[in-house]
Structures are given as structure tokens and as C-alpha cells.
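Here is a short report for a first look. It goes from the whole chain to single residues. Keep the view open while reading.

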Amino acid sequence: MNSGAERNASISFHQKTWQVLRFGPYSSEMGHRYTSPDHFYMGTRLIDKVEKFGEETAKRLFKAETADLRLLSGHVADLVFLANMTKRGDLLMCVSADDGGYPGIWRSGLPSVLGLEVKALPFSKDRMNIQVDKALETIIEVKPQVIIFGASLFLFPHPINELTEVARSIGAHIGFDGSHVMGLIAGGKFQSPLQEGSPTLFGSTHKSFFGPQGGIILADEEIGAVLKERIHPAFVDNAHWNRIAALTLALAEMEKFGSAYAEQVIRNSQTLAKALDDYGFPVAGSNLGYTKSHQVLMNFGGYKHGRELAERLEKTNIIVDCGVRLGTSEVTRRGMKESEMEKIAQLMKEAILDEKQSGKVREEVEDLAAEFQKVNYCFHT
Ligand SMILES: Cc1ncc(COP(=O)(O)O)c(C=O)c1O
């Protein structure tokens with residue numbers, strides 16, 4: 001618990017920081033200044049304070065012992081974790097790219113650069129999750145040096161609790177790539193990897209998290225100290241301080257509004273999924289409540305079949321990927337709620353099932369978007 005004096009210092013610093021940040025961290029002079037751990041550069045007092053303030057906010061938000069905001073992207077955060085926790089020839093277990101795992105840590109991704117073997121965590125497509133019994137058996141059998149939870153297609157929390165004891169007993173390092181669900185974790189509405197047995201949580205800051213584009217690593221004292229020491233100058237030489245200032249603001253907004261935001265995101269994705277299912281679209285996870293994250297999966301049997309549908313939707317200004325994954329973070333931040341999710345499902349039905357002329361649907365989409373131009377869950381000036 002903060003003492004009164006500490007709290008006042010923090011509030012007064014918050015106010016000063018806010019005065020700098022409100023005029024646009026990205027366009028501030030932080031965008032062309034350097035600072036470094038050895039304080040080689042001068043004139044960095046405020047930048048150093050912003051970094052410290054951002055790290056402290058991140059530590060509070062994620063209940064982490066250490067935080068680092070210098071990573072240029074989620075992928076670089078994966079790289080920092082893997083490069084420091086493994087050596088050539090080690091075995092990594094993670095969700096396979098075929099099951100929705102992140103291709104960047106699958107075979108032709110970072111493991112191909114770092115010389116790692118990769119094995120899939122057994123996965124149930126019916127439950128859209130890691131299969132605990134089979135995973136326990138495989139971990140004991142193949143003894144990976146490192147296990148990474150988290151995925152790119154991520155509907156349901158991963159069973160960290162159920163697997164960590166066995167993983168620890170064979171000496172595996174555990175990490176959680178929370179790139180997609182970082183905003184939901186911050187809002188306390190998905191799962192809490194650091195409290196469930198993963199000493200490290202890392203990933204992007206701009207998917208379900210408020211942004212800007214970048215990466216973050218949160219860790220316990222022991223691993224955090226190792227990673228922090230190694231980041232500069234091996235993985236990031238000069239960090240982007242204007243981005244870190246913007247991320248600091250986003251962290252503070254997440255601290256204040258994250259819980260309400262994350263709750264609405266999940267309500268929206270569940271409503272959207274149900275409405276699409278009711279229209280007869282093949283929505284994944286219908287027997288499981290569809291989703292517990294910001295994502296909804298339309299199960300068209302993969303990327304090739306999804307492309308045609310994604311292209312048709314693009315003509316109406318509804319943007320999905322070729323997966324077909326839908327995400328509700330952005331529309332939620334614009335203030336959309338359950339009734340707008342039903343409207344979006346209806347527009348998708350018109351575009352795809354009714355084959356209504358794309359120009360006509362686009363007009364309706366633009367009308368809807370025009371009503372939601374304001375950013376919500378943030379500090380207003
Ligand atoms: C699970 C996961 N981790 C990491 C990344 C890479 O993130 P970034 O785009 O921030 O490098 C992605 C990309 O979408 C991802 O899905």
C-alpha cells in the first residue's frame with residue numbers, strides 16, 4: 001500500500017505527465033531523443049520519469065514484479081523470451097500454427113533462427129483448447145525446455161494451472177504470449193497468467209490492449225531481472241520513447257477503464273457470435289458459449305475458403321481476416337454495445353447470405369460507423 005506522501009507524489013507526477021502526454025506523445029520531442037540505461041545522453045530527465053511511471057503502472061495493472069516497455073513489437077517480446085530461456089537444440093512446446101498458434105514461434109518462425117525443435121501442445125478442435133490429459137503425458141514424455149501458452153486464435157483461457165506443476169517438475173521454463181488478450185488480462189476478465197503459474201507474460205500492446213503498436217514483458221523478479229539486463233543493447237538499442245509515452249498513457253487508461261472495457265468486449269463478442277450463429281453462419285464454440293475473449297471464429301474450414309468471404313465483406317467496409325476471425329475490441333472502444341453487434345451480424349448476413357449489392361450494405365455500414373466516432377474508455381481533455 002502506498003503511503004499518503006507517495007500517493008501525492010504519484011498523483012502530482014501523474015498530473016505533470018498528463019500535461020506532456022495530452023498534447024500527443026507520438027508527436028512530442030520524445031520521438032527523436034535517446035536515453036539509455038547508462039545515462040549516456042543528457043536532457044532525458046522527463047523521458048526517464050515517463051518510463052519509470054509507465055513501468056510502475058504496468059506492474060500494478062498486471063500484478064507483476066517487473067515490467068519492460070522497450071520492446072518494439074510482440075514478436076520482439078517473443079524473441080527476447082526465447083533467446084534468453086533456450087539454447088540451440090532445445091525443445092519448445094506451444095500451440096501449433098494449424099490449431100491457431102502463433103506462426104512466429106512455430107517451425108519457420110523464431111525457432112528456425114534460434115535452432116530450436118518445436119512440438120505441438122495437444123489440442124482439441126472441439127473444445128478449441130489445449131487437451132490437458134494428453135499435454136501432461138506429452139510433456140512428461142518429451143521434456144521440453146520451454147513451454148509457451150497463448151495463441152493467435154484465442155477463444156478460451158489456456159489451462160496453465162493444470163500444466164505448470166508437471167512442467168516445473170521436468171524443469172521447463174514457462175511463458176505466456178498474451179499478444180491478443182493483453183487488454184482482457186489487464187481488465188481482469190480473461191485469465192491471469194502471472195498468478196496462474198507462468199512467471200512471464202509478454203506480447204503486443206495493440207490488439208485487445210489500447211495500443212500503440214509495440215511490445216511489453218511482465219515477469220517475476222528472477223526472470224525479469226535476466227530479461228531486462230539483456231534487452232539493451234542486444235534486442236533493442238534505442239527504444240521509441242514517444243511510443244513508450246503513448247503506451248504509458250494507455251496503461252493509465254487501462255488501469256482506470258480496463259475492467260469495464262474488457263467486460264463489454266467479451267459481452268460484445270458473445271452477442272456477435274450468437275447472432276451470427278442464429279443466422280446460420282458456422283460459428284466455432286457454439287457448445288461452449290462461443291468465446292471468452294474478444295475473438296469470434298467463423299469456421300469456414302480455414303484460410304483458403306475464408307478469403308472469398310473476407311473479400312466480399314471488405315467491399316462493404318466490414319474488415320475481417322481470411323481466418324475468418326472477427327474481433328470486437330475496436331468497435332467496443334468506439335462505444336458499440338450488444339445492439340450494434342446484432343446490427344453487424346445482420347449486415348454480414350445481408351452481404352453474404354442475402355448477397356445484397358455490396359454498395360448498399362456499405363452505405364449501412366458507413367452510417368453505423370458514423371454514429372461511433374468517439375474513442376471511449378479513455379481520459380478526455
Ligand atoms: C500470439 C501472437 N504473438 C505475437 C504476435 C506478433 O505481434 P506483433 O505484431 O506485435 O509483432 C502475433 C501477431 O499477430 C500473435 O498472434
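In this predicted model, 46% of the 381 residues of the chain count as buried. The chain holds 14 helices and eleven strands. Its radius of gyration is 22 Å, close to the 21 Å that the globule rule gives for 381 residues, so the chain is as compact as a globular protein of that length. The C-alpha trace spans about 65 × 55 × 35 Å along its principal axes. Contacts reach far along the sequence. Of those between residues at least 6 apart, 73% join residues at least 24 apart.

**A helix pair**

Two packed helices are described by the angle between their axes and the distance between the axes. Take helix α2, residues 45-62, and helix α10, residues 241-278. Their axes come within 9 Å and cross at roughly 35°. The crossing of α2 past α10 is left-handed. On the α2 side, the residues that meet α10 are I47, V50, E51, F53, G54, T57, A58, R60 and L61. On the α10 side, they are W241, I244, A245, L247, T248, L251, A252, M254 and E255. By class, this contact has twelve nonpolar, three polar and three charged residues.

**Around the ligand**

Which residues come nearest to the ligand? They are S73, G74, H75, S152 and S204, out of 15 residues around it. Two elements, α3 (74-85) and β8 (200-204), each supply at least two residues of the shell. Helix α3 gives the most, with three residues. The class count here is two nonpolar, eleven polar and two charged residues.

**Backbone details**

Some backbone angles deserve a look. The table lists two cis peptide bonds and two positive phi values.

| Residues | Feature | Value | Place |
|---|---|---|---|
| G211 and P212 | cis peptide bond | omega about 5° | P212: loop between β8 and β9 (215-219) |
| H232 and P233 | cis peptide bond | omega about 0° | P233: helix α9 (residues 221-235) |
| H39 | positive phi | about 55° | loop between α1 (4-21) and α2 |
| E355 | positive phi | near 50° | loop between α13 (338-353) and α14 (358-370) |

H39 has its positive phi although it is not a glycine. E355, too, is a residue other than glycine. Are these two loop residues buried or exposed? H39 has 9 other C-beta atoms within 10 Å, so it is exposed. E355 also has 9 other C-beta atoms within 10 Å, and is therefore exposed. The cut-off for exposed is 12 or fewer.

**A buried phenylalanine**

Now turn to F176. This residue sits in strand β7, residues 173-177. F176 has 27 other C-beta atoms within 10 Å, so it is buried. The cut-off for buried is 20 or more. Which residues does F176 touch, not counting those up to four places away in sequence? They are F149, G150, I160, P193, S198, T200 and L201. Two of these contacts, T200 and L201, fall in β8 (200-204), which also supplies residues of the ligand shell. F379 lies elsewhere. F176 and F379 are 203 residues apart in sequence and 30 Å apart in space, C-alpha to C-alpha.

Key: Residues numbered from 1 in each chain as written. Predicted model: local features only at pLDDT ≥ 70, side-chain atom pairs only at ≥ 80, totals over all residues. Helix = DSSP H or I, 4+ residues; strand = E, 2+ residues; numbered from the N terminus. Rg over C-alpha atoms; globule rule 2.2 N^0.38 Å. Contact = placed C-beta atoms within 7 Å. Axes fitted to C-alpha atoms, helices over the stretch in contact; angles between N-to-C directions. Left-handed = near helix turned anticlockwise from the far one by under 90°. Nonpolar A, V, L, I, M, F, W, Y, C, P; charged D, E, K, R; others polar. Near = placed C-beta within 6 Å.
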